[in-house]
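Subject: The structure we talked about

Hi there,

Here is the structure I promised to send over. Please open it alongside this message, and then read on for what turned up.

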Amino acid sequence: HASVRTLERLFRAETGLSLGAWRRRARVIHAMQMLADGATVTQAGVATGYATSSAFAQAFRREVGVTPGAFARRTGML
């Protein structure tokens, strides 16, 4: 019987992230694994729920610091 705000505050206290930031990071981590396993950038973006490749690339770069293509090249997949 806790409010949404209380749950959000507890989540941030436990993880150090807002729920939205945690979800974005989880999606990017999943995409990183897909890219390392040989998925294309488009496949990874679609599978992780991004509507466009550009939205996926922007979110990925914000979290990781490089584009998904650069990450895939560094892992030897592209």
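Let me start with a tryptophan: W22 is partly exposed, with a relative accessible area of 42%. Please keep in mind as you read that this is a predicted model.

**Aromatic pairs**

Searching the whole structure turns up four aromatic pairs. One of them brings W22 together with F11: the ring centres are 5.9 Å apart and the planes stand at 85 degrees, so this pair is edge-to-face. The two residues come from distant parts of the chain, with F11 in helix α1 (residues 4-15) and W22 in helix α2, eleven residues apart. Like its partner, F11 is partly exposed, and its relative accessible area is 25%.

Y50 and F56 make another pair, with ring centres 5.5 Å apart. Their planes are at 50 degrees, so this pair counts as tilted. Both of these residues are buried: Y50 has a relative accessible area of 12%, and F56 comes out at 0%. If you colour the aromatic side chains, look for the cluster in which ring pairs link Y50, F56, F60 and F71. Y50 also has a charged companion, as R27 lies over the face of its ring, 4.0 Å from the ring centre.

**The nonpolar core**

The cluster leads straight into the core. The largest nonpolar core contains 14 residues, and A31, L35, A44, Y50, F56, F60 and F71 are the ones with the most contacts inside it. Three elements give two or more residues each to this core: α2 (19-36), α4 (53-64) and α5 (68-74). Of these, α2 provides the largest share, with four residues.

F60 is a good residue to centre your view on. Setting aside residues up to four places away in sequence, F60 touches V28, A31, M32 and L35, and also G65, V66, T67, P68 and F71.

**A buried threonine**

T48 sits in the loop between α3 (41-47) and α4, and is buried, with a relative accessible area of 8%. What does a polar atom of the T48 side chain lie close to in the backbone? The backbone oxygen of G45 is 3.3 Å away from that atom. Apart from neighbours within four places in sequence, T48 is in contact with R27, H30, A31 and F56. Two of those names have come up above: R27 is the residue over the Y50 ring, and F56 is the tilted partner of Y50.

**Charged residues**

How many salt bridges does a search of the whole structure find? There is one. It joins R25 and E63, whose closest N and O atoms are 3.1 Å apart. This pair, too, links distant parts of the chain, since R25 is in helix α2 and E63 is in helix α4, 38 residues apart. In general, side chains of opposite charge can pair when their charged atoms come close. Both partners are partly exposed, R25 with a relative accessible area of 39% and E63 with 28%.

R62 is also in helix α4, and at 53% relative accessibility this arginine counts as exposed, because the cut-off for exposed is over 50%. R62 and R5 are 57 residues apart in sequence, and their C-alpha atoms are 26 Å apart in space.

Happy to go through any of this with you on screen.

Best wishes

Conventions. Residues numbered from 1 in each chain as written. Predicted model: local features only at pLDDT ≥ 70, side-chain atom pairs only at ≥ 80, totals over all residues. Heavy atoms only, no water. Core = buried A, V, L, I, M, F, W, Y, C linked by side-chain atoms within 4.5 Å. Buried < 20%, exposed > 50% of the residue type's maximum accessible area, 1.4 Å probe, protein only. Contact = heavy atoms within 4.5 Å. Phe/Tyr/Trp six-rings, centres within 6.5 Å; stacked < 30°, edge-to-face > 60°. Lys NZ or Arg CZ within 6 Å of the ring centre and 35° of its normal. Salt bridge = Lys/Arg side-chain N within 4 Å of Asp/Glu carboxyl O. Polar contact = N/O pair within 3.5 Å; in protein donor to acceptor, adjacent residues only side chain to side chain.
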